[in-house]
Amino acid sequence: MNTARKLLGTAAVVVAVGVVAGCGSAGAPTPARTTAAPGSVDLRMTVWTSNEAQLALFTGIADAYKKDHAEIGTITFDSLPFADYNTTLTTQIAGGNAPDLAWMGDLSRDLITAGALAPLTETLKDTEGWDYDDLLQSVTGQFSQDGQLYAYPFSNSPFALYVNEDVLAQAGQKLSSSPTWDEVSKIGSAVHSATGKAGFVIRDFNYSAWNTLATVWTGWGAEAWNADGTQCGFDSDQMAGAFTFLRDAMETSAMPGPGTQADFFAGDSAFTIAQVSRAALLDGSFRYSVHPLPTGPAGAYSVFGQAGVGVLQSSPHVQEATDFLSYLTDPENAAKLAQFFPPPRQSLLTGEKLAANNTKLTAAQLQEVVVDQLPNAVPLPNHTRPAEIAQKAKTALDAMWTPGADVRAVLSTVCDAIDPLLSK
Amino acid sequence: MTAPTLVDTRGGMSADVPPRGPLPQRLFWTTGRRDALTGYLFILPQLIGVLVFVIVPVGLGVFYSMNDWNIFTGKMQFVGGEHYAAALSDPQLPAVLAATAAFSGGVVVLNIGLGLLLAVLLNRRFRGVTLFRTLFFSPVVVSVVAWTLVWGFLLQDNGGINAVLEAVGIPGANWLQQGSTAMLAVVFTQVVRSVGINMILFLAALQGVPGELYEAARIDGARPRTIFFRITLPLISPTLLLTAIITIVGALQAFAQIAVLTEGGPGLSTTVLVYYVYQQAFAFNDIGYGSTLALMLLSFVLLLTLLQWQLRKKWVFYES
């Protein structure tokens, strides 16, 4: 058995050398093939989806990859609960049980800064037909450092304004074709007075996940911190304007206050700000429309949330995992992934292509709220030590939602709380 | 008849006593040693458990508390007492300790007080007493997370509690979102869930009090209040000690209630020490500082338990 493995391994080396030499002579670079023995590589990728259709897609792609890669024994997709995803992943890493590949959201900056992720740029550029230049520049920034890409941004979902047309009609309200925040707030308040339903809901905010409020404050030209993440932006005039708007919205019941549950997709509110990918929750129980984010005092803008997938340096199979990642994300498989996740590839970003697999939104809607938005969209705030910054700022911001709160004073305490972390 | 042979107590023996042969070898497995071995074998599983799940983790905790561990790269750097110094100057820690004291104090007082009251009431004979005992005990067997999730919905601003209050004309509060009421809400849900355990322990203790003592007291003209404080309480004081230790340790270790209901907020008003340890170690990935705080919590628990154990001599009554 061992002799057979050694022979196969030697043969693999010879083949690999031949392939590299052959490709070199043809002028089309291809990453070095693995020298691992057949069936000796088991890959594990952590994901936060438990959607059976999505997991089936991943498994299907992995099965196709295995057919041409004898070294692969198994590829498993480890579905971890979203709420505890970061904690579980870091615990696995600390416990010496790190996956080979991992989805990541706001943990990406910590992983990149710590050098825990394998660089991808060279491999992806050298993979024939991968077409690295097809990646949209605006979506690679969060997963890059010093010009090197460390995670493939497979999901780029802009935030949009969802409207429950039935609730608006019930309240005798009508939204303009290019809504502003003031208009949304006024209609929201009127809807609450007329129907008892909520006005606008920033989905997932729940007076805790304040980073989702970037979907509002960007309309006032505010930022949580500056571009290099060293200066707190909460004490700016723009941020004060945005939070004054939010406080007013809360006090006029245009936005439900803390501790009040209202689910737009269950028909509880007139509007919600949510990612386009949430359209899957629309079950047809009410008439709806979707718009880009409302215009703020600083004009039109777009915000998007991202997820990436990278290879952990601690993996015993970095080369094989990187190779599988390049296969998982090549143009053909990226098109398959696009049915669930707005892709980072310009070639796939057309309303028609996105609509081919989307039964909830039309090609025109997808063109308007995804394709037209992504090139200039800004990501949700992301920084190293995301959980600590989130908790410190949340603790300070809790005072914002109490009666008579001094907006500027509260925002100043947010900066006091997170400045030491930003400077680390 | 011959006279009995006498032993020469001065050292010699009478001529009739046969000479003593070589001394028999003493057996290693004496009864005492067998008993001791049996005892050790019986406690061996527990000893292994204590070693693996207590001694080793505490030792690792001490080790981690003196190191900075970058869990993303696995690199560890010795920092000595740096984390202990950081704890002393942590601006959030006073608020966390205050919340811990408020939560533990509230839970302990209400849990023991209500548990004893319920036990005294349900120790009487009346129709449906078994049903009431079952009802009050039933929350204990419910999963703490499920219990807390349900109460989370009930305590929302537009939740069931406020709907009931509104129906009877009382304005409800935003229980979990206001610093003044969040701790009350967390303590309340914890007490309602766990008071059944103390109630059952007190019931068992009450039923062990000899009836003739009550009878004698009544004949002597003692009032119910006197009977309770002079007979009942002293005789169930060992159970009071047990419940006090269990409740205090349990209150200091409460985690799920905070994590599910309030996530420590608003502000730091419900951030108890266990939750703070979790945040530092697992959410912020600062294992070193988290371990330092965990050791601090361990010290509190040990100190309070030892204190109660010493004070028992002053108030715990033993019949013997």
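Me: Buried means under 20% relative accessible area, exposed over 50%, and partly exposed in between, taken with a 1.4 Å probe on protein chains only. With that in hand, is A:E388 buried or exposed, and at what relative accessibility?

Reply: This is a predicted model, in which local features need pLDDT of at least 70 and side-chain atom pairs count only at pLDDT 80 or more, while totals for chains, interfaces and linings use all residues. Residues are numbered from 1 along each chain as its sequence is written, chains are lettered from A and ligands numbered from 1 in the order in which they are written, and side-chain values use heavy atoms, leaving out hydrogens and water. Because buried means under 20%, A:E388 counts as buried, at a relative accessibility of 8%.

Me: Which residue forms a salt bridge with A:E388?

Reply: A salt bridge is a side-chain nitrogen of Lys or Arg within 4 Å of a carboxyl oxygen of Asp or Glu. The partner of A:E388 lies four residues away, about one turn, in helix 15 of chain A; helices (H or I, at least four residues) and strands (E, at least two) are DSSP runs, numbered from the N terminus. This partner is buried too, with a relative accessible area of 17%, and shared salt-bridge partners join the two with A:R385 into one network. At 3.3 Å between the closest N and O atoms, the residue is A:K392.

Me: Which helix of chain A gives the largest share of the side that touches chain B?

Reply: In total, 22 residues of chain A are in contact (heavy atoms within 4.5 Å) with 23 residues of chain B. Helix 3 (85–94), helix 4 (108–113) and helix 15 (386–397) of chain A each bring at least two residues to this side. The largest share, six residues, comes from helix 15.

Me: How much area do chain A and chain B bury between them?

Reply: The size of an interface is often given as the accessible area lost when the parts come together. Buried area here is the accessible area (1.4 Å probe) that two parts lose on being put together, summed over both. For chain A and chain B, 55% of it is on carbon and sulfur atoms, and the value is about 1,900 Å².

Me: How many residue pairs are in polar contact between chain A and chain B?

Reply: A polar contact is a pair of N or O atoms within 3.5 Å; within protein, one must be able to donate a hydrogen and the other to accept it, and residues adjacent in sequence count only if both atoms are side-chain atoms. Salt bridges between the two chains number zero. Pairs in polar contact, with both residues at pLDDT 80 or more, number five.

Me: In chain A, what is the distance of the salt bridge between A:R44 and A:D78?

Reply: This pair links strand 1 (residues 41–47) to strand 2 of chain A, across 34 residues of sequence. A:R44 is buried at 16% relative accessibility, whereas A:D78 is partly exposed at 23%. Their side chains meet, N to O, at 2.7 Å.

Me: Which residue of chain A offers its backbone oxygen to the side chain of A:S79?

Reply: A:S79 lies in strand 2 (residues 72–79) of chain A and is partly exposed, with a relative accessible area of 31%. Beyond its neighbours within four places in sequence, A:S79 is in contact with A:V47, A:T49 and A:S50. The backbone oxygen 2.5 Å from a polar atom of its side chain belongs to A:T49.

Me: In strand 8 of chain A, which residue is the bridge partner of A:F200?

Reply: Two strands pair if DSSP finds at least two bridges between them. Strand 7 (residues 198–202) of chain A has five of its five residues buried, and four bridges join it in parallel to strand 8 (residues 269–275) of chain A. The bridge partner of A:F200 is A:F271.

Me: Turning to chain B, at what distance does the side chain of B:N162 reach the backbone oxygen of B:A173?

Reply: B:N162 lies in helix 6 of chain B and counts as buried at 6% relative accessibility. Besides B:A173, its contacts beyond four places in sequence include B:G172 and B:W175. B:G172 sits in the loop between helix 6 (160–167) and helix 7 (179–206), and is partly exposed at 38%. The side chain of B:N162 reaches the backbone oxygen of B:A173 at 2.8 Å.
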